[in-house]
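Trainee: Got a minute to walk me through this one? I'd like to start with the pocket and then look at the rings.

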Amino acid sequence: MKIVENNKVFIIETKSTHYVMAVDCEGVLNHIHWGKPCKAEDYVCSYNGWEKNSNHSAREFSKTEYITFGGTVYRPNAIAAKYADGCREAVLTYDSHKITQEDNSLLLEITLKDKPYNLLVTLCYRIREGYDVIERFAKIKNASDNLIILDKTASGEFNFPSKRPYTSTNANGSWGAEFKMENTELKNGVLSYESKKGGSGHTNSPFFILSQNADEKQGEVYFGALAWSGNFKVELSRDYVGTTRAVIGLNDFDFSYNLHAGEEFITPSVYCGYTNGFAEMSNQMNSFAACHILPKRYAKEPLPVLYNSWEATWFNVSCESQQALAEIAASIGCELFVMDDGWFGERKDDHAGLGDWYVNEKKFPNGLKPLIDKVKSLGMRFGLWFEPEMVNPDSDLFRAHPDWTYHYDTRTPSLLRNQLVLNLTRDDVKEYVFKCMDDMLSQYDISYIKWDMNRAFSETGAENLENPQELWYRHIKAVYEIADALKAKYKDLQIECCASGGGRADLGSLSHFDMVWTSDNTDPVDRLEIQNGFSLLYPIKCMRAWVTDTNRRKRPNDLDYRFNVSMQGSLSIGGNLLEYTKEELDTHKKYIELYKEIRNTVQFGKFYRLADFKRDELYATQYVDDSQSVVFVCTNANSFFTEKFHHINLCGLDPDQLYEVKYFDNVIKKSGSYLMNVGLDFDTWGPLNSIIIMINKA
């Protein structure tokens with residue numbers, strides 16, 4: 001790991017790649033190379049400034065590192081600014097650079113300057129030992145005496161080497177169908193992925209993945225994942241000479257930011273890399289997140305098996321019902337008991353109570369202490385559900401402060417799920433939200449919060465802001481700041497980020513929260529596809545996966561299948577334990593015990609996607625660490641008219657090591673090379689069946 005500067009040629013050397021830039025003869029920072037290492041002396045800046053013709057300037061074809069709006073460049077830009085004299089284009093040229101060592105990382109900062117207006121843009125590149133992941137962000141400073149308005153502030157611009165079209169992989173989903181991945185060949189024009197709803201959303205994901213002839217094991221893969229939970233935009237473009245570029249960062253939809261004299265704006269980080277195959281990409285990001293992105297307190301600890309009471313009681317919670325559920329949850333091996341919606345204010349359904357974060361005395365006459373004491377006496381920790389960013393019109397909070405929501409006085413507010421969005425850009429609203437949660441945490445022994453957010457933004461009026469278009473950015477920053485403040489005061493607190501399922505399942509949330517709720521859809525067949533998409537760039541341990549009873553009437557499946565799906569992430573229980581038979585509870589206990597034996601391997605081991613339904617009529621994943629390997633195999637819900645036999649090749653094993661493999665009633669001993677190169681055969685055993693294969697060194 002090193003960063004070399006040689007006559008304004010900058011070489012960032014990661015574990016096995018080079019990222020290279022150079023300042024050209026006009027002072028513009030250009031991209032040179034991203035990929036496998038070359039000799040340092042071979043890198044030169046090739047820009048010559050020749051005009052091609054009056055419609056295609058030389059700069060149109062250059063591979064800039066951070067292109068501005070204006071001049072003779074018309075492709076997607078990384079930054080756009082308006083100056084006090086009315087000028088609406090920026091010209092950034094090299095000003096200075098520095099290289100800093102920070103603990104186990106190196107930071108390169110290259111400052112570009114628009115000299116007439118004293119706008120400074122510092123492009124930051126941070127690398128860490130042992131990874132091919134580069135953290136990129138930009139610091140934009142107004143060093144003038146006048147206001148500068150930023151209309152676009154991307155975290156990074158990227159250039160890719162091949163003239164052949166790349167395949168773009170991103171989600172095309174919805175609520176209940178997050179992370180449904182689609183591949184699109186980028187042949188020409190601009191392909192964009194974005195969110196405009198206030199969260200990173202259920203539809204597209206805030207990342208890019210570009211590949212050529214790649215699969216799990218091989219092929220060039222470029223990726224960049226944005227650490228942001230609000231509106232984002234990814235613009236992928238390919239011009240007519242075959243140059244592919246990407247711009248990723250905050251969405252410029254309805255966005256601008258007033259940068260006053262002396263102020264600095266820092267963009268969200270984007271974590272990018274180049275790998276050989278998708279498995280290497282996922283495994284680097286899985287490990288990198290645990291070491292360098294997740295909140296430190298629990299980053300390297302396995303997440304507990306939790307029970308959530310939502311589907312058992314819905315809004316009809318009471319001390320007695322929750323205590324009864326807690327007794328059963330403890331008996332089957334759960335380590336954390338979470339009471340969901342319905343415990344506060346006048347909350348009987350989703351029409352009232354949001355914003356009134358005090359305990360409902362009718363449901364809990366003696367407060368929450370009797371329930372929490374019971375949960376703790378059973379050896380579990382206690383968690384509680386909040387939706388702190390929202391308010392019902394039928395609430396004490398709204399009646400007292402109707403102006404605390406995003407609104408326009410001349411418009412009727414749009415209700416979604418019977419609720420409105422609180423204006424967290426106001427200091428008094430932000431302080432109220434923190435105080436409500438702080439009061440509950442200080443009064444009760446609560447070690448876990450499920451933070452929910454169940455609607456998109458609308459009527460985005462924020463009269464408190466000098467520039468109301470800043471609200472999209474400032475709201476998400478307020479969410480992060482509240483979560484950080486709670487965790488700073490309550491050192492052992494864990495917070496789960498939920499937004500109607502996976503509406504904020506991104507690296508931004510995971511920089512401040514300990515895990516994410518991936519989807520409200522807990523149907524196990526659907527979850528396999530959702531979990532597959534999540535696993536591409538996000539850490540497995542942070543993927544909460546519930547075993548529930550939802551949709552069983554529509555698609556019958558047994559507990560074995562549901563457990564085998566949910567054990568591929570962070571196992572959680574969400575069914576109505578009060579209705580289960582002794583045999584069903586014994587099944588829960590059996591699988592929870594097994595999960596605890598393999599939990600470290602699943603949450604921290606190397607991860608491989610061995611098969612999927614679209615390609616193989618079978619879904620299989622493998623997890624490997626130094627002590628063991630475990631493989632989950634699931635058939636789909638199709639009829640029996642599928643292939644008669646299935647086959648999988650394992651990954652990540654020591655080729656010279658002898659392994660004992662247990663599956664079905666078989667116990668075989670084979671070398672790692674045999675299991676990876678010859679593999680295992682399966683007879684078809686029908687729809688909606690599954691097995692767990694245990695592999696240990698013989």
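**Pocket and rings**

Mentor: Sure, and keep in mind that this is a predicted model. The largest pocket has a lining of 33 residues, and E216, N532, R609, D612 and R615 are the ones nearest its centre.

Trainee: How much space lies in the largest pocket?

Mentor: About 940 Å³.

Trainee: And how do people find empty space like that?

Mentor: A probe the size of a water molecule is rolled over the atoms, and that shows where empty space is left.

Trainee: OK, which element gives the most to the lining of the largest pocket?

Mentor: That's α9, with six residues. Elements that each supply at least two residues of the lining include β11 (166–171), β12 (181–186), β31 (606–611) and α12 (613–616). You can add β34 (645–648) to those.

Trainee: What's the lining of the largest pocket like by class?

Mentor: There are 13 nonpolar residues, nine polar ones and eleven charged ones.

Trainee: Switching to rings now. How many aromatic pairs does the structure hold?

Mentor: It holds 47 aromatic pairs. Take F344 and W357: they form a tilted pair, 4.3 Å centre to centre with 45 degrees between the planes.

Trainee: What does the pair of F344 and W357 tie together?

Mentor: F344 and W357 both lie in the loop between β22 (336–339) and α5 (369–377), so their pair links parts that are 13 residues apart in sequence.

Trainee: Is F344 buried or exposed? And what about W357, buried or exposed?

Mentor: F344 is buried, because its relative accessible area is 0%. W357 has 8% relative accessibility, so W357 counts as buried too.

Trainee: Got another pair for me?

Mentor: Try F607 and Y623, which form a tilted aromatic pair at 5.1 Å centre to centre, with 50 degrees between the planes. F607 is in strand β31 and Y623 is in strand β32 (residues 619–624), so this pair ties together parts 16 residues apart in sequence. Both F607 and Y623 are buried.

Trainee: Which residues form one aromatic cluster?

Mentor: Y19, W34, Y125, F158, F160, Y166, F208, Y222 and Y274 do.

Trainee: Back to F158 for a second. What lies over the face of F158?

Mentor: R136 does, at 4.6 Å from the ring centre.

Trainee: And where does the charged end of K670 sit?

Mentor: The charged end of K670 is over the ring of Y674, 4.6 Å from the centre of that ring.

Technical notes. Residues are numbered from 1 along each chain as its sequence is written. This is a predicted model: local features need pLDDT of at least 70, side-chain atom pairs count only at pLDDT 80 or more; totals for chains, interfaces and linings use all residues. Side-chain values use heavy atoms; hydrogens and water are left out. On a 1 Å grid over the protein atoms alone, a cavity is a set of points where a 1.4 Å probe fits but cannot get out, and a pocket is an open set with protein on both sides within 12 Å along at least five of seven lines; lining residues have an atom within 4 Å of a point. Grid points are joined across faces, edges and corners, and a volume is the space filled by probe spheres set on the points. Helices (H or I, at least four residues) and strands (E, at least two) are DSSP runs, numbered from the N terminus. Ala, Val, Leu, Ile, Met, Phe, Trp, Tyr, Cys and Pro count as nonpolar, Asp, Glu, Lys and Arg as charged, and the others, Gly among them, as polar. Rings of Phe, Tyr and Trp (its six-membered ring) pair if their centres lie within 6.5 Å; planes under 30 degrees apart count as stacked, over 60 as edge-to-face and the rest as tilted. Buried means under 20% relative accessible area, exposed over 50%, partly exposed in between (1.4 Å probe, protein chains only). A charge sits over a ring if NZ of Lys or CZ of Arg is within 6 Å of the ring centre and within 35 degrees of the ring normal.
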